[in-house]
Amino acid sequence: MHRPPSPARRGIPSPRPLFHRLPLAVALAAALPALAQQAAAPAASAADDGRIQQVTITATKRVQPLQKTPIAISVISGTTLEQANLNTLASLTAQTPTVNFRTNASNKDSALFIRGVGTISTSPGVEPTVSTVIDGVVTMRPGQATLDLVDIDHIEILRGPQGTLFGKNASAGVINIVSKAPSAETERYVDLTWMQGNERRLKLGASGTLKEGLARGSLTAFAGKYDGNVTNVYNGATVNGYDRKGVRGRLDLTPDKAVKVSLIADYARARDTTPTGVVVSTTTHAYPTGAATDNPLFAAALLPVVASPTNRQINSDTGTAVTDVNGGLSAQVDWQLGGGYALTSITAWRKWTNDQTQDQDRLGAVYKQFASLADIGTLDFRQLSQELRIASPRGGFFDYVAGLFYIDGKDEERYERDVVRCAGTTASPLPSGLIPCSAGSMTQDNGVAYYGTRSKSASAFGEGTLHFTPTLSAIAGLRYTSDQLSFHHVRTATATGVPGVAPTQALATGSTSAHAFSGRFGPQWQITPEVMAYATVSKGYKGPAYNVFFNMAVPRDSLALNPEISHSVEAGLKSTLFDRRARLNLAVFKTDYSNYQANLQDLLNGVVVTRLINAGDVSTKGVEMDLEARVTPQFTVNAALANIIARVKNFRCPPGASPSCDINGKPLPFSPDWKGNLRAQYYLPVGGSKTMDFGADYSWQSKVQYDLAQSPDAIQPAYGIFNASIELAHDTQGWRVALLVKNLFNKSYATFLQNSGNNVNRYVPRDDQRYFGINARYDF
């Protein structure tokens, strides 16, 4: 659904991802002769000369061409997001091989991974390894990034440690989201989508000049609803869906030729009904022996649901749901100081609340053998940030960006676990051996915890480029960060020995601080005007952490985790070929992490819980490729491929850990060794300013382990997903209609698998089954 961009539709083209090795070689071999022929041909037209448009990025805190930037970066345009119906960060993972996403029943438990590295934890006392930045504003918690992608100009995905310019929670990479600026001309649109499964989405937007020479503004509103693709047989409800709505406004002011002010406000509310896993097996396997344990009683209690790899039914007496509210205000002021210097200030405030209810036992009744566990949690998080930076003029021997940054985040949470068990006289055993609880034989206990954290971070940074010759330069950057982190926690329990509930614990508090340098250095060589090579060495830093959660144990969890440190080496080649009809970017890298902050599974009164620890040393290394080719003016191929080997080097087993803690040499979770995407688009004029776009994309990945502890039950086999679309558009009248099909070959897979003791369960993706849809847009 991408065509050679007309002047009204030009955006930043995005390098698209590929499937695997042989098809890539075939695609390239087929494309090269045509590209060479096109390079010798005259331009297609004044509006579209058949060449690839230049991509500019802001990843270095200033606007510059992608092909001149010595960082491994993938760029996805807002137009691509709209046409491919990609509405969340999680949906980007199929388009970008180096990015993966951990989904969960609550957004506070989600996580992003780049090059195989991310942080999995529910603790508010640990920061993410992948930083999400929205219009220059850093978000501190992963759950803040679970917003709908609306009014996006483009997204930049920076791979590898980016601590020099983006700070402490960017030791694996950065997702830099850039929204659209208000337009000069008046623009309005309405965008409607309906997909099988009763999924419907509506977007409305307006943009334009409010006062000539002084003010431009834009306003976008959206709403979306999806019933889901999982059935709860307990009450017949359809779950695993969403109900989201929000609004975003931007006002750009130019009170002076040297001053620009951008004011942005956004609000979004989402209610998701993702269950706490859909049971796929009642036989579990141990690591490292592979010994199987059958759980026939749990299988009987699950009925009428029958576990299977493609199961999409649950039997739950507690309606799992989570409501997230995200919102914020930001003000960016840019001053042109004269002499080519520019001063930028970004002041921002953001708030995120999360209210969740979760069914932890995954059953519809209480039995002597199985208690009922239901969790209720509330979260209130707020952050305030300030960045002040200066950029030097370009063209001299040394140009640079330098600045100061401060961020303050405060989290308050309440978490309750209600447990219902059999006590005293029970009903007669069923033929399966299950013993139901009668109403009079049930007893209820619970635990309630109140906890929170306060995080403050201040830093000074600078990065510059030294131009030794017109073709040889070097980048050098350094950042100093000072962190302060504190926590408080108190818990009450109505009894001891309650499944999944630790005993009453008095108020506990603690604080820690850390200071560190991070940086990057390396040469850059402009081999030809269209080919650039670079090499960098960098050091990343991720701050100290506390394992603050419902069942926090003192004094064990009140000891601060050490900061996570990364050392990386990277080399890359960026090239524009065949008279700007192809763009090929390559990168090789190796990154070592010490004091890796990770979760380790543990048992508490028979219930699986996780503990955040300094798990030791891990490493990730690999090769990445991005390709975009205009084979003909009407035919475009986008491809990307990543071979990433992310492994545990030296796992630090806690005292008393079982032999299964020996996982050295094993893969890191959510990191397939091979992953890629291939996309082809053909644009066909059909007369009368009408055009048709034919699009197809195929994403593929090798098997992936979802569990750091290497559970044999948490391995998703290799799979591929094929999508296709046909679009009819009228460029002068401003309308377009597209038919879409997702997962054409009906391949079922899991975005997450976990062993929960007596069962294995999966998280069911939206495209677990083939489905069709229609999208219509009208610009006026």
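Strands here are DSSP runs of E, at least two residues long, numbered from the N terminus. By that rule, W194 sits in strand β10 (residues 187-195). The model is a predicted one.

**Surface patch.** W194 is partly exposed, because its relative accessible area is 42% and the partly exposed class runs between 20% and 50%. W194 helps form a nonpolar surface patch of about 790 Å², along with residues including Y682, F694, I726 and I774. Three elements give two or more residues to this patch: β35 (674-687), β39 (719-730) and β40 (735-742). β35 gives the most, with 3 residues.

**Cores.** The largest nonpolar core has 36 residues. I155, I175 and F651 have the most contacts inside this core. Strands that each supply at least two of its residues include β6 (130-134), β8 (152-159), β9 (173-179) and β34 (635-651). Beyond its neighbours within four places in sequence, I155 is in contact with residues including V75, L92, I175 and I177. Another core, of 23 residues, lies apart; among its residues are L66, I71, I73 and F461.

In soluble globular proteins, nonpolar side chains tend to be buried together.

**Strand β6.** β6 is largely enclosed by the rest of the structure, because 5 of its 5 residues are buried. V130, T132 and I134 point one way, and S131 and V133 point the other way. In a regular strand, side chains alternate between the two faces of the sheet. β6 has these pairings:

| Partner of β6 | Sense and bridges |
|---|---|
| β9 | parallel, 5 bridges |
| β7 (residues 137-139) | antiparallel, 3 bridges |

I134 stands opposite I177 in β9. V133 stands opposite V138 in β7. The β6 and β7 hairpin has 2 residues between the strands, and D135 takes a positive phi near 50 degrees there.

Notes
Residues are numbered from 1 along each chain as its sequence is written. This is a predicted model: local features need pLDDT of at least 70, side-chain atom pairs count only at pLDDT 80 or more; totals for chains, interfaces and linings use all residues. Side-chain values use heavy atoms; hydrogens and water are left out. Patches are made of residues with over 30% relative accessible area and no salt bridge: like charges are joined within 9 Å, nonpolar side chains (Val, Leu, Ile, Met, Phe, Trp, Tyr) within 5 Å. Accessible areas come from the Shrake-Rupley method with a 1.4 Å probe; for residues, only the protein chains shown count as cover. A salt bridge is a side-chain nitrogen of Lys or Arg within 4 Å of a carboxyl oxygen of Asp or Glu. Helices (H or I, at least four residues) and strands (E, at least two) are DSSP runs, numbered from the N terminus. Buried means under 20% relative accessible area, exposed over 50%, partly exposed in between (1.4 Å probe, protein chains only). A nonpolar core is a set of buried Ala, Val, Leu, Ile, Met, Phe, Trp, Tyr and Cys residues joined through side-chain atoms within 4.5 Å. Contact means heavy atoms within 4.5 Å. Two strands pair if DSSP finds at least two bridges between them.
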